[in-house]
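Dear colleague,

I am handing over the structure we spoke about, and below it you will find my notes on what came out of it. Please read them with the model open beside you.

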Amino acid sequence: MAGHPRSEPRLTDPTEPETAEKHDFIREIVRRDLADGVYKSVVTRFPPEPNGYLHIGHAKSICLNFQIAAEFGGRCHLRFDDTNPTKEEEEYIEAIQRDVRWLGFDWGDHLHLTSDYFEQLFDWAIHLIEAGKAYVDDLSADEIRTYRGTLTEPGRDSPYRDRPVAESVDLFRRMRAGEFGDGEKVLRAKVDMASGNINLRDPVLYRVIHAAHPRTGSTWCIYPTYDFAHGQSDAIESITHSLCTLEFEDHRPLYDWFLDNLPVTARPRQYEFARLNLSYTVLSKRLLIQLVQEGHVEGWDDPRMPTIAGLRRRGVPPEAIRQFIASIGVAKANSVVDVAMLNHAIREVLNKKALRRMAVMRPLKVVIENFPEDQTDMLEAVNNPEDASAGVREVPFSREIYVERDDFMEHPPKKFFRLSPGREVRLRYAYFITCTDVIKNEAGEVVELHCTYDPATRGGNAPDGRKVKATLHWVSVAHAKPVEARLYDHLFSRPDPGADGPVLEDINPDALEVVRDCQAEPAVAETPADQPIQFERLGYFMPDPDSTTDLPVFNRTVGLRDGWARAQAKGKGAG
């Protein structure tokens with residue numbers, strides 16, 4: 001689109017993992033419309049308001065609109081509904097484009113803004129006034145609300161409802177010219193003040209807002225409402241299927257009323273689907289803005305946030321989001337999706353692409369007494385057992401190593417099979433070791449272990465066939481690289497935030513744990529910025545932009561335990 005340059009992003013195939021034909025009620029509508037000749041081709045749109053960052057709920061709409069267009073050989077537009085200059089910023093416009101591209105979708109030459117249509121919308125508003133179907137109202141916002149009535153009581157006509165057409169036209173033009181202050185006058189449609197649908201009780205079409213617009217500057221001081229601008233923008237762009245979430249279902253009669261009463265050249269249809277609700281998560285833009293502005297998180301891309309930017313920084317792959325959206329389907333009724341489903345999709349993707357590395361979160365030093373002091377063994381380790389093409393690497397092993405403090409107990413319970421006095425365990429890729437002595441400080445805390453190793457078990461296998469019940473990860477002390485690990489959990493402590501009180505009271509104080517004494521194998525320090533890794537036995541991690549040469553920082557994307565997969569298997573009788 002002229003005036004809005006775009007770069008060509010590297011995009012993954014948005015339809016990639018599935019070849020089977022998809023079926024849901026919206027796709028059936030599209031198939032029927034094409035078969036019946038209602039439309040010759042499919043045109044959809046994703047119409048975000050540039051007043052915040054996109055979140056995982058928006059991803060459902062993005063996937064649905066772009067994928068339906070691709071599946072039926074049509075196109076999908078990206079259109080910014082920039083009708084409220086008091087809340088919109090160029091930062092959000094740029095972030096939304098970045099997020100949609102990252103998810104794997106491209107709008108081609110069809111980047112649009114509602115502000116592109118301001119002149120046409122103004123002319124159509126004049127058309128409604130001249131047709132006796134709109135009027136300028138002097139009531140205040142509070143008075144309009146009172147006159148509108150309730151769900152059980154009809155509304156009352158404004159005293160200005162029968163204002164002469166010529167007077168309303170004149171006042172509306174003067175509103176545009178800037179003669180009136182904010183809220184002093186509005187333009188309303190003349191629909192039905194007795195309607196059982198409150199949205200049809202003479203809705204506001206234009207309001208006076210003296211604020212600079214991110215794109216049009218001070219050209220305009222009146223701005224159309226979403227209800228007036230949305231359907232007409234769809235018509236201008238020849239949208240065929242306008243897909244919205246269920247909260248817009250009651251707005252559909254108004255959407256159709258405008259199209260029926262204006263000289264539009266196209267006739268889009270609105271269809272509603274269930275929005276995404278996720279456990280332990282809030283997707284209200286108002287609340288997300290509050291979290292950012294009040295400092296409960298460090299910004300829109302804080303990895304605890306359900307924003308696309310936050311998920312990307314945490315290390316969630318875009319294909320995992322698309323896979324998750326595909327798995328929940330498209331329904332007509334709202335429901336809450338278990339966040340474990342999202343984590344399951346993340347693990348499935350990362351298991352195939354994450355490089356394996358070893359790191360120790362809470363180091364406990366181990367001295368292997370019978371290993372030569374001046375010797376370093378280079379041991380072969382697999383980069384990814386799910387991908388042979390990822391190859392192998394060499395990991396240094398020496399007399400002194402770190403193991404996880406949680407992998408040792410001096411007086412273990414019956415089912416603890418890891419390291420304890422006299423017990424033999426396997427070190428991943430290395431040797432069998434046996435604990436022979438425990439060193440404590442004056443406070444009685446374990447500070448060091450002494451062990452012996454069996455040289456014949458190099459690679460982690462015993463030639464005599466003896467077995468051990470535990471395999472531990474480890475890092476050579478002499479070669480360890482310090483890293484900072486940030487361990488993320490749910491931002492909210494309950495699955496239904498706000499159910500018993502203010503939402504912010506349910507913020508999880510343990511949603512972030514920063515581990516600054518993490519020790520990692522040398523290869524970890526060389527991880528590219530966009531490369532996910534698995535710290536063996538600990539979880540999947542992604543380098544964070546806060547990383548420095550001296551201290552790499554890694555965000556835990558998700559742990560290794562998959563509660564969703566286990567629950568599904570149990571439900572199917574798999575144990």
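In this model, which is predicted, the structure holds 45 salt bridges, and I have picked out a few that show how such pairs are placed along the chain. As a general point, side chains of opposite charge can pair when their charged atoms come close.

Within helix 1, which covers residues 25-35, Arg-31 and Glu-28 sit three residues apart, about one turn of the helix, and their side chains form a salt bridge with an N to O distance of 2.9 Å. Residues three or four places apart in an α-helix point the same way, because there are 3.6 residues a turn. The two partners fall into separate accessibility classes: Arg-31, at 18% relative accessibility, counts as buried, while Glu-28, at 33%, counts as partly exposed.

A salt bridge between elements is found at Lys-185 and Asp-138, whose side chains meet at 2.8 Å, N to O. Because Lys-185 belongs to the loop between helix 6 (165-177) and strand 5 (186-189), and Asp-138 to the loop between strand 4 (134-137) and helix 5 (141-147), this pair ties together parts that are 47 residues apart in sequence. Here Lys-185 is buried, with a relative accessible area of 9%, and Asp-138 is partly exposed, with a value of 23%.

The side chains of Asp-157 and Arg-161 also meet in a salt bridge, in this case at 3.8 Å, N to O. Asp-157 has a relative accessible area of 43% and is therefore partly exposed, whereas Arg-161, at 11%, counts as buried. Beyond these pairs, there is a network of salt bridges that links Asp-301, Arg-313, Glu-484, Arg-486, Arg-516, Asp-544 and Asp-546.

Turning to helix 2, you may want to check its length against its residue count. At 1.5 Å a residue, its 16 residues should span 22 Å, and since the C-alpha atoms at its ends are 22 Å apart, the expected and modelled values agree. This helix is mostly covered, with 14 of its 16 residues buried, and it is followed by Gly-73, whose phi is positive, near 70°.

One residue of helix 2 (residues 56-71) that I looked at in detail is Asn-65. Asn-65 has a relative accessible area of 0% and is therefore buried, the limit for that class being under 20%. The Asn-65 side chain reaches the backbone oxygen of Arg-45 at 3.5 Å. If neighbours within four places in sequence are left aside, Asn-65 is in contact with Thr-44, Arg-45, Cys-76 and Leu-243.

The last residue on my list is His-213, which is found in the loop between strand 6 (204-208) and strand 7 (222-224). Is His-213 buried or exposed? With a relative accessibility of 4%, His-213 counts as buried, although its position is in a loop. Its C-alpha atom and that of Asn-84 are separated by 8.0 Å, while the two residues are 129 residues apart along the chain. Leaving aside neighbours within four places in sequence, the residues in contact with His-213 are Asp-82, Pro-85, Glu-88, Ser-115, Phe-118 and Tyr-223.

With best regards

Methods
Residues numbered from 1 in each chain as written. Predicted model: local features only at pLDDT ≥ 70, side-chain atom pairs only at ≥ 80, totals over all residues. Heavy atoms only, no water. Helix = DSSP H or I, 4+ residues; strand = E, 2+ residues; numbered from the N terminus. Buried < 20%, exposed > 50% of the residue type's maximum accessible area, 1.4 Å probe, protein only. Polar contact = N/O pair within 3.5 Å; in protein donor to acceptor, adjacent residues only side chain to side chain. Contact = heavy atoms within 4.5 Å. Expected span 1.5 Å × (residues − 1). Salt bridge = Lys/Arg side-chain N within 4 Å of Asp/Glu carboxyl O.
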